[in-house]
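Student: Please take one part of this model and go through it closely, then follow its connections into the rest of the chain. I would like the cut-offs stated along the way.

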Amino acid sequence: MTHVLKFATVLSAMIFSGAAAQTQDCPVSITEPFDLEAADIASIYDCIGDKMPEGYSKGGDMVAKNYRNWTVTGTLHGVAGAHGNRLLMTYANDIAAEQYLKFAEDGVVMPVGSILAKESIKINKKKQAAVVGPLFIMTKLEAGAAAETNDWLYGGIQPNGKPMKFRQAFCHDCHSSWEDQDFLAYPLEEVRVGN
């Protein structure tokens, strides 16, 4: 293969991968997440929603492959301020769903094996676009398995399917605000299923 042909092949691959990356972006005119109306959020989700599980599952993670088959806990992605002001939607596996959907504020004890997956959408102000954010995951472990995080294992999958790397305390220090709720932060009341 000649140098010109190699260069053309590399260049076309770069253009194709750049185009693929741009297809993940959805143009927005409102770049402040808290200013988005329900119709704006629905439009963003219509544009980006199908791309989310496709990207998350590229690394083979079983939660990323299956979370969309779980119980959805909100009627719309909500912006609560946590997780970097991203638009968030939480899914609960079969073990977690019944207890989680009570949205109880006191005395909550999630069953061992509960898994919550929170997909996220970030508004990139510089690009004026909505982009896929990480998939955040919480797994309830056996009693005593992770005493420093009250038996929760925090994880995350990047939009390209690669696992996120962070200290468990990074997540748990924030979740400690909801100790009476077994360290769970629920969707905003106005978007909770059943409200």
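Tutor: What follows begins with one helix and moves outward through its cysteine link to the salt bridges and two further residues. This is a predicted model, in which local features need pLDDT of at least 70 and side-chain atom pairs count only at pLDDT 80 or more, while totals for chains, interfaces and linings use all residues. Residues are numbered from 1 along each chain as its sequence is written, and side-chain values use heavy atoms, with hydrogens and water left out.

The part to look at is helix 2, residues 38-48. Helices (H or I, at least four residues) and strands (E, at least two) are DSSP runs numbered from the N terminus. The buried residues of helix 2 are Ile41, Ile44 and Ile48. These three residues lie on the same side of helix 2, because the arc they cover around the axis is only 60°; the arc is that of the directions from the helix axis to the C-beta atoms. As background, an α-helix has 3.6 residues a turn, so residues three or four places apart point the same way. Ala39 and Asp46, on the other side of helix 2, are exposed. Buried here means under 20% relative accessible area, exposed means over 50%, and partly exposed is in between (1.4 Å probe, protein chains only).

What covers those buried residues of helix 2? The cover includes strand 1 (26-27), helix 3 (51-56), strand 3 (87-92), strand 4 (115-124) and strand 5 (129-140). Contact, as used here, means heavy atoms within 4.5 Å.

Helix 2 also takes part in a covalent link. The structure holds one disulfide, a disulfide being a pair of cysteine sulfur atoms within 2.5 Å. The cysteines joined are Cys26 and Cys47, with an S to S distance of 1.9 Å. The torsion about their S-S bond is about -95°, so the disulfide is left-handed. Since Cys26 belongs to strand 1 and Cys47 to helix 2, the pair ties together parts that are 21 residues apart in sequence. Cys26 is buried at 2% relative accessibility, whereas Cys47 is partly exposed at 31%. Cys171 is in no disulfide, its nearest cysteine sulfur being that of Cys174, 8.4 Å away. For Cys174, the closest cysteine sulfur is the one in Cys171, too far for a bond. Cys171 counts as buried at 17% relative accessibility, and Cys174 as partly exposed at 39%.

The loops beside strand 1 lead to the salt bridges, of which the structure holds four. A salt bridge is a side-chain nitrogen of Lys or Arg within 4 Å of a carboxyl oxygen of Asp or Glu. One of them pairs Lys125 with Glu32, at 3.1 Å from N to O. Glu32 sits in the loop between strand 1 and helix 2 and Lys125 in the loop between strand 4 and strand 5, so this bridge ties together parts that are 93 residues apart in sequence. Lys125 is partly exposed at 47% relative accessibility, and Glu32 is partly exposed at 26%.

Another bridge forms between Lys127 and Asp25, whose closest N and O atoms are 3.3 Å apart. Lys127 is in the loop between strand 4 and strand 5, while Asp25 is in the loop between helix 1 (3-23) and strand 1, and the two are 102 residues apart.

Strand 4 itself contributes a partner to a further bridge, in which the side chains of Arg68 and Glu119 meet at 3.1 Å, N to O. Arg68 is in the loop between helix 4 (62-66) and strand 2 (71-72), and Glu119 is in strand 4, 51 residues apart. Glu119 is buried at 0% relative accessibility, and Arg68 is partly exposed at 26%.

Strand 5, also part of the cover of helix 2, contains Thr139. Thr139 has a relative accessible area of 18% and so is buried. Neighbours within four places in sequence aside, Thr139 is in contact with Ser114, Ile115, Asp151, Trp152 and Leu153.

The last stop is Trp178, in the segment after helix 7 (168-175). Trp178 is partly exposed, with a relative accessible area of 27%. Not counting residues up to four places away in sequence, Trp178 touches Phe183, Leu184 and Ala185. Trp178 and Glu105 are 73 residues apart in sequence, with their C-alpha atoms 8.3 Å apart in space.
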